[in-house]
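Please follow this short walk through the structure shown below, taking one region at a time.

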Amino acid sequence: MSSDPWSPALSSSAGRRGLFREVEPFARGRMATEGVHEIYYEECGRADGKPCVILHGGPGGAINPTMRRFFDPDRWRMVLFDQRGCGLSTPNASLEENTTWRLIEDMERLRTRLGIEKWT
């Protein structure tokens with residue numbers, strides 16, 4: 001057996017915590033930006049839970065139902081959103097005004113819109 005920790009023989013999900021139960025969003029919405037983009041978002045878990053934001057990968061990724069299972073829905077208020085040009089946000093695949101700084105602005109605007117002081 002290889003001593004390489006990245007070896008498939010040694011890596012397994014044994015000992016890892018599994019995903020939490022499946023949940024449906026308790027809220028969905030769209031948020032305009034200062035430009036051409038409109039951001040799709042959803043909230044899952046407890047409306048009065050500890051807030052967290054969950055980001056999808058990229059480029060060109062999108063949120064999906066499995067991501068709703070990353071945090072315990074009995075404890076957390078999960079906010080997921082499709083970043084500019086991704087998933088259900090519009091316009092699809094647009095790179096116009098699509099920068100890291102705009103992503104940060106979108107997250108801050110969404111946090112404020114949802115009445116969240118701070119989130120994980």
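In this predicted model, a good place to begin is W76, which counts as buried because its relative accessibility is 14%, below the 20% under which a residue is called buried. W76 belongs to strand β4, where it is the bridge partner of K50, and this contact is part of a wider pairing, in which β3 (residues 50-54) and β4 (residues 76-82) run in the parallel sense over five bridges. Strand β3 is largely enclosed by the rest of the structure, because four of its five residues are buried.

W76 also takes part in an aromatic contact, and the count of such pairs comes to one. The ring centres of F71 and W76 lie 4.9 Å apart with their planes at 65°, so the pair is edge-to-face, since an angle over 60 degrees places a pair in that class. F71, for its part, counts as partly exposed, with a relative accessibility of 23%.

From there the reader can turn to the loop between β4 and α1 (100-113), in which P91 lies. The peptide bond that joins T90 and P91 is cis, with an omega of about -5°. In the loop between β4 and α1 one also finds A93, a residue that has a positive phi of about 65° although it is not a glycine, and that counts as exposed because its relative accessibility is 56%. E97 is likewise found in the loop between β4 and α1, and E97 has a positive phi of about 50° without being a glycine; at 33% relative accessibility, E97 counts as partly exposed.

Key:
Residues numbered from 1 in each chain as written. Predicted model: local features only at pLDDT ≥ 70, side-chain atom pairs only at ≥ 80, totals over all residues. Heavy atoms only, no water. Buried < 20%, exposed > 50% of the residue type's maximum accessible area, 1.4 Å probe, protein only. Helix = DSSP H or I, 4+ residues; strand = E, 2+ residues; numbered from the N terminus. Pairing = 2+ DSSP bridges. Phe/Tyr/Trp six-rings, centres within 6.5 Å; stacked < 30°, edge-to-face > 60°.
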